[in-house]
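Grab a pencil and work through these exercises with the structure open beside you. Try each task yourself before you read its solution.

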Amino acid sequence: MRPFRRSSALGALALAGALTATLLLSSPDTAQGAPPTPEAAPAGQTSLRAADPSALRVSSTYVGVQSTGGGIAVRQASSTDGLATAPARQVWSDTRGRGEVWAPEIVMDGGRYYIYFTAGVGAAHRMFVISSATSDSGYGAETQLALPDDKWAIDGTLFTFNGQRWFVWSGWAGDTNVEQNLYIARMSSPTQPTGARHIISQPRESWERVVGNPFINESPEAIKDPNGQLHIVYSANGSWSEQYCLADLRLRAGGDPTHVWDWYKSNGCLFGSNRSTMMKGWDPTLYVNGPGHHTFVLLHGDIATSPPAGPRFPSMFHAVPKGTPYAWANRHWYTGTFTWRGNTTYSRANVPGPNTDTGWSLKFFE
């Protein structure tokens, strides 16, 4: 996205096998792109110069969504790579003067499509939603989400975990641009928040405070690991910098998503271009700088279809190719892959609860 804040500065072996076969409709080779040659674009880079990809799969069709300045467009293709050259069909326009339109996120709930996006000017940015029975047409007028506390909010997305709908987003604690935290709230329907908002992450670790003014936790995306534990993978550091990277929050087994101390944070970036901020055992990118604001490309966008351990599965993110000046205008959509990495310990100190939690983490590939 191009925000004001930045310029001011998922059983049995049979089930697992069936799921693997379903998800591999887009092979890892396709998702990663051809190996680079001196004349080729970086691995996975699409021809689309854009940011903040959001995509899901419906049968053998991939559906992606992007902001178009004053509106939102949907693309459909037979592969993640193909989204870049697929026709962009405008599905919503800002006819009410809502302001800057950022980071639309497409999900499905009950067989219906919902696109959540941020609109506003400056401190007035809030979350909105449009919906339709079909992916690329029929969306009605936007509705503002009545998020608890009614504060600045961006990058929101809906998911269902343990039978409960949840909404997670990046926002401010108050009315000033100090830092962007991750918040979660229950939803009684795809459009109706209920109860309080609960903070689940603040950018307080040294590796996510390399670039500030403000310090950033944003672009949260939910997924379930092979043990069924919930993860929120998010972007840290400012998107205006090559320090932008992906990190992970893992909910402890049996934990309460609304309890901040039930979440354990990776001890560094899991996908980034700077070795100094990477979690031990994770390597920086070879071809891109500042990878972030990703999407897992799940079937129907449903975390219940999160992949099992083993193979790689498609993902998308935006980044700037190495050797190119790092600037918003130089960001491209990339197709990559990810896989689960087990027996990974996240540690912390001086907070309530156990200091360590061991479980699944993620590895991302260009």
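**Exercise 1. Work out how the residues that line the largest pocket divide into nonpolar, polar and charged, and then where this pocket sits.**

Solution. Step 1: sort the lining by class. In this predicted model, you should get ten nonpolar, five polar and four charged residues.

Step 2: find the volume. The largest pocket comes to about 410 Å³.

Step 3: look for its centre. The lining has 19 residues, and the closest to the centre are Gln202, Glu205, Trp261, Lys265 and Val351.

Step 4: ask which elements give two or more residues to this lining. Those are strand E12 (192–201) and strand E16 (263–265).

**Exercise 2. Do the same for the largest cavity: what lines it, and which strands take part?**

Solution. Step 1: here's a handy idea to start with. Rolling a probe the size of a water molecule over the atoms shows where empty space is left.

Step 2: get the volume. The largest cavity holds about 140 Å³ of space.

Step 3: list the neighbours of its centre. Out of 15 lining residues, Glu105, Thr157, Glu221, Ala222 and Gly301 are the closest to it.

Step 4: sort the lining by class. You'll find ten nonpolar, three polar and two charged residues.

Step 5: match the lining to strands. At least two residues each come from strand E5 (100–109), strand E9 (153–161) and strand E13 (215–224).

**Exercise 3. Find which cysteines a disulfide joins, and say what the link ties together.**

Solution. Step 1: look for sulfur atoms within 2.5 Å of each other. Cys245 and Cys269 pass, with S to S at 2.2 Å, and the count comes to one disulfide.

Step 2: place both ends. Cys245 is in strand E15 (residues 245–251), while Cys269 is in the loop between E16 and strand E17 (288–295), so the bond ties together parts that are 24 residues apart in sequence.

Step 3: check the twist. The angle about the S-S bond is -55°, which goes with a left-handed link.

Step 4: are the two ends buried or exposed? Both Cys245 and Cys269 are buried.

**Exercise 4. Explore the largest nonpolar core, then zoom in on Leu158.**

Solution. Step 1: recall the background. In soluble globular proteins, nonpolar side chains tend to be buried together.

Step 2: size up the core. The largest one has 42 residues, and those with the most contacts inside it are Phe159, Ile200, Leu230, Ile232, Phe296, Leu362 and Phe364.

Step 3: don't miss the other one. A second, separate core has 17 residues, including Trp92, Ile106, Ile115 and Phe117.

Step 4: turn to Leu158, which sits in strand E9. The cut-off for buried is under 20% relative accessible area; Leu158 has 6% relative accessibility, so Leu158 counts as buried.

Step 5: see what surrounds Leu158. Leaving out residues up to four places away in sequence, Leu158 touches Val107, Asp109, Tyr116, Arg165, Trp166, Phe167, Met187 and Pro190.

**Exercise 5. Hunt for unusual backbone: where is a cis peptide bond, and which residues other than glycine have a positive phi?**

Solution. Step 1: check omega. The bond joining Asn213 and Pro214 is cis, with omega about 0°.

Step 2: check phi. Asn213 has a positive phi of about 60°, and Asp149 has one near 80°.

Step 3: place these residues. Asn213 is in the loop between E12 and E13, as is Pro214. Asp149 lies in the loop between strand E8 (143–144) and E9.

Step 4: is Asn213 buried or exposed? Its relative accessible area is 52%, so Asn213 is exposed.

How values were computed
Residues numbered from 1 in each chain as written. Predicted model: local features only at pLDDT ≥ 70, side-chain atom pairs only at ≥ 80, totals over all residues. Heavy atoms only, no water. 1 Å grid on protein atoms, 1.4 Å probe; cavity = no way out; pocket = protein on both sides within 12 Å on 5 of 7 lines; lining within 4 Å. Points joined across faces, edges and corners; volume = space filled by probe spheres on them. Helix = DSSP H or I, 4+ residues; strand = E, 2+ residues; numbered from the N terminus. Nonpolar A, V, L, I, M, F, W, Y, C, P; charged D, E, K, R; others polar. Buried < 20%, exposed > 50% of the residue type's maximum accessible area, 1.4 Å probe, protein only. Core = buried A, V, L, I, M, F, W, Y, C linked by side-chain atoms within 4.5 Å. Contact = heavy atoms within 4.5 Å.
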